[in-house]
Amino acid sequence: MSKERISYWGKIILLMLLFLGVGYRINYAVDTYWTFMEGFDKAASDMLTRNGRPVIALMYKLFALTHLKNELFYYISFVMAFVLLGLAVALYEKILRLYIARENLRLICSLLCIVNLYAIEYFMFLEKGGFALAIFCNVLAVWYINTYLQEHKPISMLGAVLSILIATLTYQGTIPLFFILSLPIIYKKASTLVDYIKNFMILVVVYWIPMGIDLALFNIAFDSSRNSTGNGLVQGISEAWNTILYSYQTTYSLTKRYLYLGFLCLTIVINLVSIFDKKTDIVKSILNIIVIFIVLTVLPVASIIGSTGWGIPRIIYPMTSGIGIFAVNYYVNHHDKEADYDRLCNQTIYVLCLFFTAVQFVAYTRVYIDKYKMNYADYVRIQEIGQAIDEYEMSTGNKIEQIAFYRDHNHDNPYYANLYYEGDLVVSAFHNWDSQLNAINYYLGTNYRRCYTESTYQAYFDQLDWHCYSPMQIICDYDTLHYCVY
C-alpha cells in the first residue's frame, strides 16, 4: 500500500476507534441474558420466527454449532460491526470522491450519515455485527445505484435490489438509509425535473421490491410480529408524529435539547441560500431539499405508522443522518468554489460537521461508560441476592429453587441515578420480567425458576417504597425467594 492509502485507512480506523472502540469490553443488554441462558440455537429460532431476521438467525445458528463460550460471540459481533461500519464509511466516501474534492470532508460527511447519533443503540445489543451488515448493504446498494445512473446497466440495478434484500432480511430498520444516502446523487445525475422524478422512482422500485418480498415471506411463512401490519392506522400516525417531534427536540437526550435540530436547520438554510443565489434549477433544487427532509423524517417512522415499531433510536436510526446528508447535498449539488458567499457557506458547514462530530463522540462515550456502570450495578445487586440466599440456606438447611418478583408502592423502572436513561440504550436487567431471572441465573451460575407471586407478600411490598437496595427487599420462605424490585 502507498503512504496515501495507509494514511487513508488509518483515518477510518481512528474514526471507528473513537466512536466504537470503547465497546471492546462486553456489555449486557436485557436480551443478552436471555440469549446466553437459553442458548444461541433457541435464539436463532426466535430471530427467525418472531423478529423476521433470517441473516442474524443464521449467525446465531452457526455460532451454536461451534459450541464455543457464549461470551465469545460478543467479541465476534463487535469485530464484525467495527469492520463493516468502517467499510461502509469508506464505500460512501468513495462514491463522494466523484463529487467532493477534500478527503477529510468526505470522511466526516460519510461518518455523520452512516455512524450517526442513533447508531450507538446498535452497539448496545449482542447482534451488533448483524446491524452493521445491514448498514453496509444499504451503502452497497447506493454504490450500485450510482453505478447504474452512470452506466445504465441492468446488472447494477439487480445488485442494488439484492443488497437491499439482504439488508431487509438482516434488520429492517436500517433500510431508509439507502433512500436517504441516494437522494443527493439522483439529483446530481438529473439534468431536468423529469429526470429527477425518474431517478426517484428507481429508488422507490429498489426499496419496495425487497420490502415486498420480506413482508410476503414472513407474513405468510412465520407470521412475524415485527413484519405484520397493524390495524390502528390513525393511532400509528399519531405515535409516529409524536416520535418525530420528540426525536428532533430531544434526540433522546443524547445531545442538548434542540441542538441537533438547530444544526440541521442551519445546514438546510445554507443549501437554500446557495440555491437562490445561483438562480438555476430553483424548482428542482427546492423539490430535492423538500424530498430529502420528508424522506429523512417520515421513512424512518414507517414501522411506527404500521404499528410494528416504536419510538427508540435503533428503530428510527436513519433520522439523525440529516446533518450529514444535507452537508453532502450542499457539496455535491450546490457548492460553487468561485462565489464569495459560497466560501462562507463551505466553511460554515465544515465547522458544523466537525463540531457535531465532537458532540456525537461525547454522546457515544457517555452511553458506553454508563452502560458499563449499569451492568456493574446489576452485578453487585445480584451478588447481594446471592449472598442472602447462601446465608438463608446455611442457617435453615432449606434450598431455594424458585423466585417470585414483586414491585414496591411507587415503582419506577429500575434504572440507576445519574446514568443515562432513554429508550433501550442503558437498561437494567431488572427492567424486564424475563431478564430479571436470566441475569440472576447468569451471574450466580444457578438454575432458579420463576414462580407466581403471593398476595400476602404483594400486600406487604405495596406498603413500602425504596429508592436503593435494602435487605428487606429479600424474603426467603422455604424453597422460594420473594424479591421486590424497587
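In the predicted model described here, Gly39 adopts a positive phi of about 100 degrees just after helix H2, helices being DSSP runs of H or I of at least four residues and strands runs of E of at least two, both numbered from the N terminus. Residues are numbered from 1 along each chain as its sequence is written, and side-chain values use heavy atoms, with hydrogens and water left out. Because the model is predicted, local features need pLDDT of at least 70 and side-chain atom pairs count only at pLDDT 80 or more, whereas totals for chains, interfaces and linings use all residues.

Helix H2 itself spans residues 30-38, and its buried residues are Val30, Thr32, Tyr33, Thr35 and Phe36; buried means under 20% relative accessible area, exposed over 50%, and partly exposed in between, with a 1.4 Å probe and protein chains only. The side chain of Glu38 forms a salt bridge with that of Lys42, at 3.2 Å from N to O, where a salt bridge is defined as a side-chain nitrogen of Lys or Arg within 4 Å of a carboxyl oxygen of Asp or Glu. Both partners are classed as partly exposed, Glu38 because its relative accessibility is 35% and Lys42 because its relative accessible area is 46%.

Ten salt bridges are found in a search of the whole structure. Glu93 takes part in a salt bridge with Arg97, at 3.1 Å from N to O, and in another with Arg106, at 2.6 Å from N to O. The latter pair links distant parts of the chain, with Glu93 placed in helix H5 and Arg106 in helix H6 (residues 103-114), 13 residues apart. Through salt bridges that share partners, Glu93, Arg97 and Arg106 are joined into one network. Within this network, Glu93 counts as buried because its relative accessible area is 0%, and Arg106 is buried as well, whereas Arg97, at 33% relative accessibility, counts as partly exposed.

On the surface, Trp9, Ile13, Leu17, Val79, Val83 and Leu87 make a nonpolar patch of about 480 Å². The elements contributing two or more residues to this patch are helix H1 (3-20) and helix H5 (70-96). Patches consist of residues with over 30% relative accessible area and no salt bridge, like charges being joined within 9 Å and nonpolar side chains (Val, Leu, Ile, Met, Phe, Trp, Tyr) within 5 Å; accessible areas come from the Shrake-Rupley method with a 1.4 Å probe, and for residues only the protein chains shown count as cover. Val79 is located in helix H5 and is partly exposed because its relative accessibility is 47%.

An open sheet is formed by four strands in the order E2-E1-E4-E3, with mixed pairing, two strands being paired if DSSP finds at least two bridges between them. Strand E2 (449-450) and strand E3 (474-477) stand at the edges, and each has a single partner strand, so one side of each is left without a neighbour in the sheet. Strand E1 (residues 402-407) is joined to E2 by two bridges in a parallel arrangement, with Gln402 opposite Arg449 in E2. Helix H18 (residues 455-462) packs on the sheet, touching E1, E3 and strand E4 (480-485), and its direction makes about 40 degrees with that of E1. Contact here means heavy atoms within 4.5 Å, while axes are lines fitted to C-alpha atoms, for helices over the stretch in contact, with angles running from 0 to 180 degrees between N-to-C directions.

E1 and E4 are paired in the parallel sense over six bridges, and Arg407 stands opposite Val485 in E4. E3 and E4, by contrast, run antiparallel and are joined by four bridges, with Ile474 opposite Tyr483 in E4. These two strands, E3 and E4, form a hairpin with two residues between them, and Tyr478 in the turn has a positive phi of about 60 degrees. Strand E4 is largely enclosed by the rest of the structure, because six of its six residues are buried; Thr480, His482 and Cys484 point one way from E4, and Leu481, Tyr483 and Val485 point the other way.

In the loop between E1 and helix H17 (433-444) lies Asn418, which counts as exposed because its relative accessibility is 79%. The C-alpha atom of Asn418 is separated by 8.8 Å from that of Asp370, the two residues being 48 residues apart along the chain.
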